[in-house]
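Q: Could you take a close look at one part of this structure, the loop between the first two strands and what surrounds that loop, and set it in the context of the whole chain for someone new to it?

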Amino acid sequence: MKYISYFFIAIASAFMVILLSLSSCSPNPKTTISQPIVMKEQPQTSAQAADATVKIRNFKFEPANLAITVGKTVQFINVDEEPHTATATDGTFNSKALDTNQTWNYTATKPGTYPYICSVHPFMKGTLTVTNKKN
């Protein structure tokens, strides 16, 4: 009696394996249509000319302190292997994540001192000082 139950379990298991194999070989496989993912505010490689450049290298902003005038553009370039951001601590600007060799430009619109960090690696710090235009 004991062996008969093993026999029926083996038959049921074989039937399940065959059934699952056949279901995966369907002539009309279900196709899933995925919608394209829309990314907002993605940093891009910019062809816009920059007045100053900050390189992100070895988990540092170079230069760490930069001064520009209102209306000037600073370009952040990530040359590190890790993604980084340039994020003002007061929320004035945020580059989002920059991959290797990706750039992001920020054009200063008002004077002030803007400390910024990498939001991925908050120990990375820099300061952007924006002054009024010189006449």
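A: Read from its beginning to its end, the protein follows the pattern α-β-β-β-β-β-β-β-β, which amounts to one helix and eight strands. The model is predicted, with a mean pLDDT of 84 for the protein and 78% of its residues at 70 or more. Among the elements, helix α1, residues 2-24, has the lowest mean pLDDT, 78, whereas strand β2, residues 60-62, has the highest, 97. Of the 135 residues, 28% count as buried, and among the contacts between residues at least 6 apart in sequence, 54% join residues at least 24 apart.

The loop in question lies between β1 (52-57) and β2, and F59 is found in it. F59 has a positive phi of about 60 degrees although it is not a glycine, and this deserves a remark because most residues other than glycine have a negative phi. At 30% relative accessibility, F59 counts as partly exposed, since the buried class ends under 20% and the exposed class begins over 50%.

On either side of this loop stand the partners of a salt bridge, R57 and E62, whose side chains meet at 3.0 Å from N to O. Side chains of opposite charge can pair when their charged atoms come close. The structure holds one salt bridge. Both of its residues are partly exposed, R57 with a relative accessible area of 33% and E62 with 31%.

E62 also takes part in a second feature, for the peptide bond that leads from E62 to P63 is cis, with omega near 0 degrees. P63 has its place in the following loop, between β2 and β3 (65-69). Most peptide bonds are trans.

Returning to F59, one residue that touches it from elsewhere in the chain is H121, whose contacts, not counting residues up to four places away in sequence, are F59, E82, P83 and H84. H121 lies in the loop between β7 (112-117) and β8 (125-131). With a relative accessible area of 14%, H121 is buried, because that value falls under the 20% limit. The side chain of H121 is also joined to that of H84 by a polar contact of 3.0 Å.

For comparison, two further places can be set beside this one. N101, in the loop between β5 (87-88) and β6 (103-107), likewise has a positive phi, of about 65 degrees, although it is not a glycine; with a relative accessible area of 54%, N101 is exposed. V74, in strand β4 (residues 73-78), is buried, with a relative accessible area of 0%. Leaving aside residues up to four places away in sequence, V74 touches a list of residues that includes A52, V54, L66, W104 and L128. The C-alpha atoms of V74 and D51 are separated by 5.8 Å, although these two residues are 23 residues apart along the chain.

At the surface, I4, F7, F8 and I11 make a nonpolar patch of about 430 Å², and F7 is found in helix α1. The protein as a whole exposes about 9,600 Å², of which carbon and sulfur atoms supply 59%.

Definitions and conventions. Residues are numbered from 1 along each chain as its sequence is written. This is a predicted model: local features need pLDDT of at least 70, side-chain atom pairs count only at pLDDT 80 or more; totals for chains, interfaces and linings use all residues. Side-chain values use heavy atoms; hydrogens and water are left out. pLDDT is the predictor's confidence in each residue, from 0 to 100. Helices (H or I, at least four residues) and strands (E, at least two) are DSSP runs, numbered from the N terminus. Patches are made of residues with over 30% relative accessible area and no salt bridge: like charges are joined within 9 Å, nonpolar side chains (Val, Leu, Ile, Met, Phe, Trp, Tyr) within 5 Å. Accessible areas come from the Shrake-Rupley method with a 1.4 Å probe; for residues, only the protein chains shown count as cover. A salt bridge is a side-chain nitrogen of Lys or Arg within 4 Å of a carboxyl oxygen of Asp or Glu. Buried means under 20% relative accessible area, exposed over 50%, partly exposed in between (1.4 Å probe, protein chains only). A polar contact is a pair of N or O atoms within 3.5 Å; within protein, one must be able to donate a hydrogen and the other to accept it, and residues adjacent in sequence count only if both atoms are side-chain atoms. Contact means heavy atoms within 4.5 Å.
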